[in-house]
Amino acid sequence: MWKTIVRRTLLMIPQMFVLSLIIFILAKQMPGDPFTGLITPETDPSRIEELRIQSGFYDPWYVQYYHWITNAFQGDFGQSYTYKIAVSTLIGERALNTFWLALLSAVLVYAIAIPLGMIAGRKQDTLYDKSITLYSFISYAIPTFVLGLIFLYIFGYRLMWFPTSGTVDVGVEPGTLEYYWNRIYHLILPAMTYAILGTTTIIQYLRSEIIDAKTQDYVKTARSKGVPMKRIYRRHIFRNSLLPIAAFLGFTITGLLGGSIFIETIFGFPGMGQLFIHSITSRDYSVITALVMLYGFLALLGSLLSDIIMSIVDPRIRID
Amino acid sequence: MKKNWLFLSVLFAVMFVLAACNGGGGTEKGSETDNKGKSGEKETTKVEENLLSSEVTNEGEAIKGGTLRVGLVTSSPFQGIFNWELYEDAYDKEIMDFATNSIFSTDGDFVVTDQGAAKLEVDKDAKKATITLQGDYKWSDGKAVTAEDLIYPYLIIGHPDYTGIRYDDDFKNIVGVEEYHSGKADTISGITKVNDKAIQIQFKKVSPAIYYGGDGLWGYAAPKHQLESIPVKDLISSDAVRKNPVTLGPFKIDKIVNGESVQFVANEYYFKGKPKIDKVVLEVVPPTSIGEALRTGKYDIATSFPTNQYDGIKDLSNVSVLGRPELAYSYLGFKLGKYDKVDSKNIFDEKSKMNNVELRQAVAYAMDIEGVSEKFYQGLRERGNSLIPPVFSFYDETLEGYHYDPEKAKELLDKAGYKDKDGDGIREDKDGKKFTIRLAAMAGSETDEAIVEYYRQNWKDIGLDVQLTTGRLIEFNAFYDKVQADDPEIDMYMAAWGTGTNPSPKGLYGEGAEFNYSRFVSPELTKLLDAIDSEDAMDPDKRKKAFRAWQEYMSEQAMVFPTFFRTEVIPVNKRVKNWDASYATDTKDNLHTVELLADEPLK
């Protein structure tokens, strides 16, 4: 297995290289440049031109690419054109926000979806099952921004149970217990929105796996041996049914940094999704390329992690 | 203090970049868009100019202290560059306004007055300006403000490592700046310290713009004692800019949550007096929820409020909705030439397709702008009659402009020889060939498409076939790429300009101006533009006359004609005792006087 991991990791290098080349060229193909947004009659065009030249805008693309890739290898992804700070600092800040939000969302997703999926599967075709299926259809069909706005309206503005925007109140002293609670408090509403929308797949997978498993030979054997149904479910069916969910786990972990543009925009939450969209509209090349590289890397890592997790939880699968 | 014109992208607010501009003065001039005489087929009811009042006073006894809650409406986090020399984003400026470093005060026409922290004296013969601090002022950290602090901003902007947008042609008007910028001199020779409170600046030329803070004059002080130890190239990422800037204004920054919120506390050293309230808390609010936030009393005031949400708040009982004209206008322009990059000048092409005054006027008369204003903008945008927004005293309210008058448009086209020869309802050109006009329009809000389609219908009604460049609305960046590059697929384009506080139009319509997108040049226009910025025009009356002559000429030639003037909407919670949004007496310049009537915003 170690051999495979090393091999897969090494394989990532050419993959990332090709990705970097593609994204670099495509990003530069977009109309406009980071200075288009700066162009105001206030500034004279010659100053903008000067800034373009300074930033190497007119160099041939391979020269720019060479500069960028050599710096990137040293961990320097350049300066953000819009935010004027190092790209790594900028992404680091946003990634942290997104990470905590996504982590809480993921915990909530599993906390909601696993019990519901199990009940639906076990009590197949009962009223429970039907209500759960109805719930998952609704949550699947409802667009993110609609649910986000509804939640914000009800819990944020009407009932006033939760804060309505941001990651933390400006008044609380960083580092105190109150500060951490305040941060979590800000996370709950967006995380709930995120979680409710994300449960469908897991519920449905789990439900059909359990229904499938019920007719399997090993279940019949266990029953014929007189093992109580409770125990069969706990020890046999649930364990096996969780396998496909374990297969997603790798992607779920790396997907934590993806961010969601809708949730972030509605809840005024500075995260990765917003950063990505904003960097594209403002042609902030250095941020675009760094983010795409990061997402690409995470996707590769996610599939590797998923394979590793699978081989651990399911001894039948070996990935050599 | 803005010297020039600002480019207003209708699309991504996030991309707006405003350069130095202190919310100066500016009386609310009634823009009496003349509606008499002319009447089209459909006489649209005139929208009340002062639809929204610019001032509100609420009765009651003020509480002691209190916290003013401000909602900054934007869908993305703010950048957080809190330094007047370095910032580029308009939202950063909105935030800094509470702790401004501005040294000048301005009047209704945005002309520098003697009421600010510093006084400006111009010796136009010697091409010199003297800036004198008018008292013993202190920075927010208690250190004295000195002449050094007035000089330091120039040293930042002129520095070889400065990468901002403000090292421009205007700035190079200061004697010795270029030597300093190239590293040949350690300091700017044209700027000298007169005494502890005064500096003198030697310019290469002076024009009327200097009274608006133009010609290279800088309207802000910089805390040298805090910034001088930081190399200019590191300034933008330093804590002195990002976290704890030392400021001059009524409030000082206390805490910042990056991109989200800022807490200010009263600056006890503020030279106009310590503010009556204790704190200001400013938070980013997404445009989707600002209406609800105002209704539930989360904020006392919302800045950069999206006008398309006006309907949602206009009837709230706890909020007064104030308005004031924006320093901006929307317009339609015709492509009449090319820009020569080598010689840096516009070349007018007599033979270009749209070079026919009657044709251009017909296009203008055919547009039902009054109707669009009423149906789509709730009257928050009204038909523009001039290329100078009504805020300025240079605005010519007698100018007719172009009303909706399809009959007149048809007459003009008939006269010009654009006639429908094959009877299909679409006019052919003068030689009888098929005539299609291509219009470039920007994609923005959801109503933009409907509005453009309506105009196309208007044009079709008078027999003009107007097609969209690329077949659809164009994204902001691509739009300006095409317009700037004089794309042959564009015959006319719809865009907008934000004006600064100095309305001098040379940068937008001059022969050498890259932003003169219509590319129209004529000796007469050059003469009119020169008159506005001439030394003669240092006399306000003469300048006013020059402005009028220019406005009339532009209207007559119609190479660019205004479509809308805009209104800025400012919602204020009724617990704020007094708020004045008019430019001349803007409460934002007198934040120390703000008082609150209750502990929390009213619901």
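Here are four short exercises, each with a worked solution, on a predicted model with chains A and B.

**Exercise 1. Find out which secondary structure elements chain A and chain B contain.**

Start with chain A. Counting its elements gives 14 helices and zero strands. Reading along the sequence of chain A, you therefore meet α-α-α-α-α-α-α-α-α-α-α-α-α-α. Now turn to chain B, where the count is 16 helices and 22 strands.

**Exercise 2. Work out whether the radius of gyration of chain B agrees with that of a compact globule.**

Begin with the length: chain B has 603 residues, and a compact globule with that many would have a radius of gyration near 25 Å. Next, take the value for chain B itself, which is 25 Å, so the two agree. To complete the picture, look at the C-alpha trace of chain B, which spans about 80 × 60 × 40 Å along its principal axes. Of the residues of chain B, 56% count as buried. Finally, take the contacts in chain B with a separation of 6 or more: 72% of them are between residues 24 or more positions apart.

You can go through chain A in a similar way. Its C-alpha atoms fill a box of roughly 85 × 55 × 40 Å along the principal axes. Chain A has 320 residues, of which 34% count as buried. Among its contacts between residues at least 6 apart in sequence, 71% join residues at least 24 apart.

**Exercise 3. Describe the side of chain B that touches chain A.**

First, count the residues in the contact: 50 come from chain B and 40 from chain A. Then see which elements of chain B each supply at least two residues to this side. Among them are the strands E1 (5–7), E10 (251–257), E11 (261–266) and E12 (279–285). Helices take part too, including H7 (290–295), H13 (476–484) and H14 (506–509) of chain B. Last, sort the residues on this side of chain B by class: 24 are nonpolar, 16 polar and ten charged.

**Exercise 4. Decide how helices H9 and H10 of chain A are arranged.**

Two packed helices are described by the angle and the distance between their axes. Here, the axes of H9 (residues 217–224) and H10 (residues 229–241) of chain A come within 11 Å and cross at roughly 155 degrees. Angles over 145 degrees count as roughly antiparallel, so H9(A) and H10(A) are roughly antiparallel to each other. The crossing of H9(A) with H10(A) is right-handed.

Now find the residues that meet. H9(A) brings Tyr218(A), Val219(A), Ala222(A) and Arg223(A), while H10(A) brings Ile232(A), His236(A) and Ile237(A). By class, the residues of this contact are five nonpolar, one polar and one charged.

Definitions and conventions. Residues numbered from 1 in each chain as written. Chains lettered and ligands numbered in written order. Predicted model: local features only at pLDDT ≥ 70, side-chain atom pairs only at ≥ 80, totals over all residues. Helix = DSSP H or I, 4+ residues; strand = E, 2+ residues; numbered from the N terminus. Rg over C-alpha atoms; globule rule 2.2 N^0.38 Å. Buried ≥ 20, exposed ≤ 12 C-beta atoms within 10 Å, placed from the backbone. Contact = placed C-beta atoms within 7 Å. Nonpolar A, V, L, I, M, F, W, Y, C, P; charged D, E, K, R; others polar. Axes fitted to C-alpha atoms, helices over the stretch in contact; angles between N-to-C directions. Parallel < 35°, antiparallel > 145°, perpendicular 65-115°, else oblique. Left-handed = near helix turned anticlockwise from the far one by under 90°.
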